[in-house]
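Work through the exercises below with the structure open beside you. Try each task before reading its solution.

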Amino acid sequence: MAVSTSSPEKGISVVTVDFPPVNALPVAGWFALADTVRAAGRDPRTRCVVLAAEGRGFNAGVDIKEIRAGGASTLVGANRGCFEAFAAVYECEVPVVAEVHGFCLGGGVGLVGNADAIVASDDAVFGLPELDRGALGAATHLARLVPQHLMRALYYTSRTVTAGELLAHGSVWRVTARAELRAGALELAREIAAKDGELLRLAKAAINGIDPVDVRRAYRFEQGFTFEASALGVADRVRDTFGTEGG
């Protein structure tokens, strides 16, 4: 289980998440991801970061089993870890290209919603099953991928959308076959990395500065309702059915 960095080409850093079996990250994993993305962005040699994952899918969100076993303190840790990881992607000093395959759920949507561009394989699906997991959050990031009313319907139903559907909405740059995903992500990253490095960093800061929504504040506001659900016992009631028949 790890978060690693590689440099397949000049100017490109690939940050890879690998937490078998489904990339449901534990608390420490979210903080490790945040630290790794920030470090990659600070490296003056880096002009573009590709965020990728090993295994069956890109990201399955938080480790529900860890939260159930650890209680309130672990829930707080998971919320803080997600907040830091999402912020690290958004605030990365250079553009971030998300390379998505398989499932991209919960926290995965938080990551890609804060990325600068998304390249996805044709088997990729995106969604927020939060209401089925006794949690709330990342509607801020889903709203960056789909129109407002679709976001609401997806959030309330816990349904997913495909990479092809997001391509139609303009939030995915390109959809590839699974075997061609890395090549597709590197193609875009290579084009970005060909620009002047200092100017890229200024461009990233400028674009973030004109965003109509403060993603950090908006997501933190959402997290307050996760704490409220926990305090009321609603979260535990729903979460205890996770992984059970009919749950």
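## Exercise 1: Two helices in contact

Task: find which residues of H3 meet which residues of H10 in this predicted model.

Solution. Start on the H3 side: Leu 75, Val 76, Asn 79, Arg 80, Cys 82, Phe 83, Phe 86, Ala 87, Tyr 90 and Glu 91. Now take the H10 side: these residues meet Val 215, Arg 216, Tyr 219, Arg 220, Gln 223, Thr 226, Phe 227 and Ser 230. Then sort the H3–H10 contact by class: ten residues are nonpolar, four are polar and four are charged.

## Exercise 2: How the helices cross

Task: describe the packing of H3 and H10 by angle and distance.

Solution. Take the distance: the axes of H3 (residues 72-91) and H10 (residues 215-231) come within 11 Å. Take the angle: the two axes cross at roughly 165 degrees. Angles over 145 degrees count as roughly antiparallel, so H3 is roughly antiparallel to H10. Finish with the hand: the crossing of H3 and H10 is right-handed.

## Exercise 3: The sheet

Task: give the strand order of the open sheet, then name its edge strands.

Solution. Six strands form the open sheet, in the order E1-E2-E3-E4-E6-E9. Their pairing is mixed. E1 (2-9) and E9 (174-176) are the edge strands, each pairing on one side only. From one strand to the next, the twist averages 20 degrees.

## Exercise 4: One strand pair

Task: state in which sense E3 and E4 pair, and find the bridge partner of Val 49 in E4.

Solution. E3 (residues 48-53) and E4 (residues 96-100) pair in the parallel sense, over three bridges. Val 49 has Val 96 as its bridge partner in E4.

Methods
Residues numbered from 1 in each chain as written. Predicted model: local features only at pLDDT ≥ 70, side-chain atom pairs only at ≥ 80, totals over all residues. Heavy atoms only, no water. Axes fitted to C-alpha atoms, helices over the stretch in contact; angles between N-to-C directions. Helix = DSSP H or I, 4+ residues; strand = E, 2+ residues; numbered from the N terminus. Parallel < 35°, antiparallel > 145°, perpendicular 65-115°, else oblique. Left-handed = near helix turned anticlockwise from the far one by under 90°. Contact = heavy atoms within 4.5 Å. Nonpolar A, V, L, I, M, F, W, Y, C, P; charged D, E, K, R; others polar. Pairing = 2+ DSSP bridges.
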